[in-house]
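This report describes helix packing, salt bridges and selected residue environments in one structure. The model is shown below.

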Amino acid sequence: GVAAGSITPGRAGEVAKPFLMKANYHVPASQTISCVMAERLFDVLSLIFLFFIGLHFLPWKVGLYSSAVWLFFGLFVLLVLLFFVLPRQMERGVQRCIHRIVPLRWQERAAETVATIFVGLSLLKKKEIIIMVSILSLLAMLVEVIRLLIIFNLLGFSFSFWVVMLSFAASIIFGLLTLVPGGIGTTEVSLAAFLISLTPVANVPALKWGILLDRFFAYYLLTIIGALVLMTHQQWQPRHNHSQD
């Protein structure tokens, strides 16, 4: 999924996951596509959550600014709750917005994407499952932040946890919004820009190397492994089927 997503805008190529699951386990792609879309949605929600938390705990976010952050964060939480509590009403509202805002030539595709996401959410019927998936997505993002913080510490930078968390979340969200395949270039540049704007940096070249090292472990290494999996999949599949027989 990562390898396929690296060559498509907004990592849309991760829909390769359902087709691989269909080939290996005979699961209908119509079912798993919705699950993949729901997975991506939970990841984005986790990033937005980390962004707001990091924004609030920055040292210079006090007074009116702090109140504004909490206000927007409250609205975000309310929107998420409505998203899961009243999915049909939310879907109708989103579809209306699409017809009013999105250009006519993209409306059909956008409407189908939204419908697929809500179908995926309908598969997560139990509250326990939604809570578990939310916690796992959030923990996965926190692990990414901690890895980035450790790399910076090893290079001698003294960034605070909140600065790294905010910069990480903002850079990933920015990379997704630009629709650049895999967010290559935009994610790295925006991450450096956020860090430099929030904390004075004396050794900019070392900062760039730290970001590239983190991106290698977080993305490029996975892309390489995924590409190898895709290239060897056809050779591995017959042997897998033979072992099952």
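## Burial of serine 137

A residue counts as buried when its relative accessible area is under 20%, as exposed when over 50%, and as partly exposed in between. The model considered here is a predicted one. Serine 137 has a relative accessible area of 9% and is therefore buried.

Serine 137 belongs to helix H7. Leaving aside residues up to four places away in sequence, serine 137 is in contact with Phe42, Asp43 and Ser46.

## Packing of H7 against H8

Two packed helices are described by the angle between their axes and the distance between the axes. Helix H7 spans residues 127-154 and helix H8 spans residues 161-178; their axes lie 9 Å apart and form an angle of about 120 degrees. An angle that is neither under 35 degrees, over 145, nor from 65 to 115 counts as oblique, and H7 and H8 are therefore oblique to each other. The crossing of H7 and H8 is right-handed.

On the H7 side, the contact is formed by Met141, Leu142, Glu144, Val145, Ile146, Leu148, Leu149 and Phe152, while H8 contributes Phe161, Val164, Met165 and Phe168. Of the residues in this contact, eleven are nonpolar and one is charged, with no polar residues.

## Packing of H8 against H9

Helix H8 also packs against helix H9, which comprises residues 186-198; the angle is about 145 degrees and the axes are 8 Å apart. This crossing, too, is right-handed.

The H8 residues that meet H9 include Val164 and Phe168, and both of these also take part in the contact with H7. Other participants from H8 include Val163, Leu166, Ala170, Ile172 and Phe174, whereas H9 supplies Thr186, Thr187, Ser190, Leu191, Phe194, Leu195 and Leu198. By class, the contact of H8 with H9 has eleven nonpolar and seven polar residues, and no charged ones.

## Salt bridges

Side chains of opposite charge can pair when their charged atoms come close. The model contains three salt bridges. Glutamate 144 pairs with arginine 147, with 2.6 Å between the closest N and O atoms. Both residues lie in helix H7, three residues apart, which is about one turn of the helix. Glutamate 144 is partly exposed, at a relative accessible area of 24%, and arginine 147 is likewise partly exposed, at 21%.

Arginine 147 also forms a salt bridge with aspartate 214, the closest N and O atoms being 2.8 Å apart. This pair joins distant parts of the chain, with aspartate 214 in helix H10 and arginine 147 in helix H7, 67 residues apart. Aspartate 214 is buried, with a relative accessible area of 3%. Glu144, Arg147 and Asp214 are thus linked in a network of salt bridges.

Arginine 215 and glutamate 188 form a further salt bridge, with the closest N and O atoms 3.0 Å apart. Arginine 215 is in helix H10 and glutamate 188 in helix H9, so this pair ties together parts 27 residues apart in sequence. Both arginine 215 and glutamate 188 are buried.

## Alanine 206 in H10

Alanine 206 is located in helix H10, which covers residues 204-244. Its relative accessibility is 14%, so alanine 206 counts as buried.

Alanine 206 touches Leu155 and Phe157, when residues up to four places away in sequence are not counted. The C-alpha atoms of alanine 206 and phenylalanine 152 are 9.0 Å apart in space, while the two residues are 54 residues apart in sequence. Phe152 is also one of the H7 residues in the contact with H8.

How values were computed:
Residues numbered from 1 in each chain as written. Predicted model: local features only at pLDDT ≥ 70, side-chain atom pairs only at ≥ 80, totals over all residues. Heavy atoms only, no water. Axes fitted to C-alpha atoms, helices over the stretch in contact; angles between N-to-C directions. Helix = DSSP H or I, 4+ residues; strand = E, 2+ residues; numbered from the N terminus. Left-handed = near helix turned anticlockwise from the far one by under 90°. Contact = heavy atoms within 4.5 Å. Nonpolar A, V, L, I, M, F, W, Y, C, P; charged D, E, K, R; others polar. Buried < 20%, exposed > 50% of the residue type's maximum accessible area, 1.4 Å probe, protein only. Salt bridge = Lys/Arg side-chain N within 4 Å of Asp/Glu carboxyl O.
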